[in-house]
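Good morning, colleagues. Please bring up the sequence and the model together, and I shall take you through the side-chain pairs, the strands, the interior and the surface in turn.

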Amino acid sequence: MNKSVSYSDIKSFLVLVESGSFTNAAETLRCSRSHISKQLTQLESDLGVSLLVRTTRTQHLTDAGEIFYDKCKQSFLGIESAIDRAKEQASSLSGKLKINSVGGYIGENIIGPLVSDFMKAHPEVSVVLDFSSQRVDLVSGEFDFVFRMGELFDSSLIARKLTDIEVGTFASPAYIEKYGRPAEPKSLVNHKCIAGSMNQWSFVHASSKAKQNVSVNADLSCKNGRVMLYSALLGNGIIRVPNVYCSDEVLQGLLVPIFKNWQPEPTPFYLLYLKDKHQPARVIAFKDFVSMHFAKYFK
């Protein structure tokens, strides 16, 4: 729209034409007749053309006024339709959610079931669930939510902490029998290790709170937790993974913790989303669903 032409003046012009008089228009718009007259005068001045011929008894559109009214009426109907659609989207539990998450065990065994149960509760909502591990930009609109592990630094996002993920260091009994058990973390440099995205492993002593950082030489590097776990079960090396990845294997004695007093620090797990006070109902519903039910999926 031309910046010199007021949206409010056009709206008053449309109401004036449809109501048939300045008096009726003033009642509809809850303002004075003189105010509407000033708006019409200003609109004609901005356009440089007469829109309405008015006398003490009647009023009618000029040829230019007829054309202007028809075009503006069509445009305003489109605007009103867009407003209605936007309000409907904001209040209706329908539409699409785009979610990015860490993959592997957490993505498949925790986030996947959580999302599926949310969809069952809200069948008009569709979901795109993405497990790609590249850095994503919520601001661009590519995703509505991101589930992430580790410390976060982007202050433009809301980070809702869901839990702390306990991490352990494990090996199979067969590996320990063949290669021995390292006495402390720095001894890992002399052992076969299976690493994911990090070769720098950090540990804290349970009582003294002393810290040790070690750069492991990974015999296998793989970002897939299931592959890492399978390789460790075969005795191929020591893994450092969230406890939840291998809780069953530890209970069955297929894997054993390497250190008694040295443990990696827990890793925080977050739900990330944009700061936005005008969010669609589906976005608000998913946030609430995660907050209320996440704990039952993370066992």
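I begin with Arg226, whose relative accessibility is 40%, so this residue counts as partly exposed. Please bear in mind throughout that we are looking at a predicted model.

What does the side chain of Arg226 meet in a salt bridge? The partner is Glu108, with an N to O distance of 2.8 Å. Arg226 belongs to helix α7 and Glu108 to helix α5, so this pair ties together parts that are 118 residues apart in sequence. Glu108 is likewise partly exposed, because its relative accessibility is 40%.

How many salt bridges does the count give? The count comes to 5, and I shall show two others. Asp219 forms a salt bridge with Lys192, and here the closest N and O atoms are 2.9 Å apart. Asp219 sits in strand β11, residues 218-221, while Lys192 sits in the loop between α6 (173-179) and β8 (193-195), so the pair ties together parts that are 27 residues apart in sequence. With a relative accessibility of 48%, Asp219 counts as partly exposed; Lys192, at 26%, also counts as partly exposed. The other example joins the side chains of Lys186 and Glu184, at 3.7 Å from N to O. Glu184 has a relative accessibility of 24% and therefore counts as partly exposed.

Strand β11 leads us to the sheets. Please follow an open sheet of 5 strands, ordered β11-β8-β12-β7-β13, in which the pairing is mixed. Which strands lie at the edges? They are β11 and β13 (256-257), each of which pairs on one side only. Further inside that order, strand β7, residues 167-171, pairs with β12 in the antiparallel sense over 4 bridges. Within this pairing, Phe170 stands opposite Ile239 in β12. As a general reminder, strands of a sheet pair through backbone hydrogen bonds, either parallel or antiparallel.

Ile239 brings us to the interior. The largest nonpolar core has 37 residues, and Ile239 is among those with the most contacts inside it, together with Phe147, Phe269, Phe286 and Phe294. Two or more residues each come from β3 (95-101), α5 (104-121), β5 (145-149), β6 (157-165), α7 (225-233), β12 (238-242), β15 (267-274) and α9 (281-297). Which element gives the most to this core? That is α9, with 7 residues. I would note that α5 and α7 appear among these contributors, and that these helices also hold the two ends of the Glu108 and Arg226 salt bridge.

Let us pause on Phe269. Leaving aside neighbours within four places in sequence, its contacts include Phe147 and Phe294, as well as Ile106, Ile111, Leu162 and Ile165. Among its other contacts are Arg148, Arg160 and Lys161. Another core, of 19 residues, lies apart from the largest one, and its members include Ala25, Ile36, Leu51 and Leu52. In soluble globular proteins, nonpolar side chains tend to be buried together.

What, then, of nonpolar side chains on the surface? Tyr7, Ile79 and Ile83 form a nonpolar patch there, with about 250 Å² of accessible area together. Ile83 is found in helix α4, residues 63-91. This residue counts as partly exposed because its relative accessibility is 40%.

I turn next to strand β9, residues 200-205. This strand pairs with strand β10, residues 211-215, in the antiparallel sense over 5 bridges. Phe203 has Gln212 as its bridge partner in β10. Strand β9 is also joined by 2 bridges to strand β14, residues 262-263, again running antiparallel. In that pairing, Val204 stands opposite Gln263.

The hairpin of β9 and β10 has 5 residues between the strands, and one of the residues there, Lys209, takes a positive phi near 65°. Such a value deserves a closer look, for Lys209 is a residue other than glycine. Is Lys209 buried or exposed? Its relative accessible area is 55%, so Lys209 is exposed.

Lastly, Arg30 has a positive phi of about 55° although it is not a glycine. Where is Arg30 placed? It lies in the loop between α2 (22-29) and α3 (33-47). Arg30 counts as exposed, because its relative accessibility is 79%.

Thank you; I am glad to take questions.

Key
Residues are numbered from 1 along each chain as its sequence is written. This is a predicted model: local features need pLDDT of at least 70, side-chain atom pairs count only at pLDDT 80 or more; totals for chains, interfaces and linings use all residues. Side-chain values use heavy atoms; hydrogens and water are left out. Patches are made of residues with over 30% relative accessible area and no salt bridge: like charges are joined within 9 Å, nonpolar side chains (Val, Leu, Ile, Met, Phe, Trp, Tyr) within 5 Å. Accessible areas come from the Shrake-Rupley method with a 1.4 Å probe; for residues, only the protein chains shown count as cover. A salt bridge is a side-chain nitrogen of Lys or Arg within 4 Å of a carboxyl oxygen of Asp or Glu. Buried means under 20% relative accessible area, exposed over 50%, partly exposed in between (1.4 Å probe, protein chains only). A nonpolar core is a set of buried Ala, Val, Leu, Ile, Met, Phe, Trp, Tyr and Cys residues joined through side-chain atoms within 4.5 Å. Contact means heavy atoms within 4.5 Å. Two strands pair if DSSP finds at least two bridges between them.
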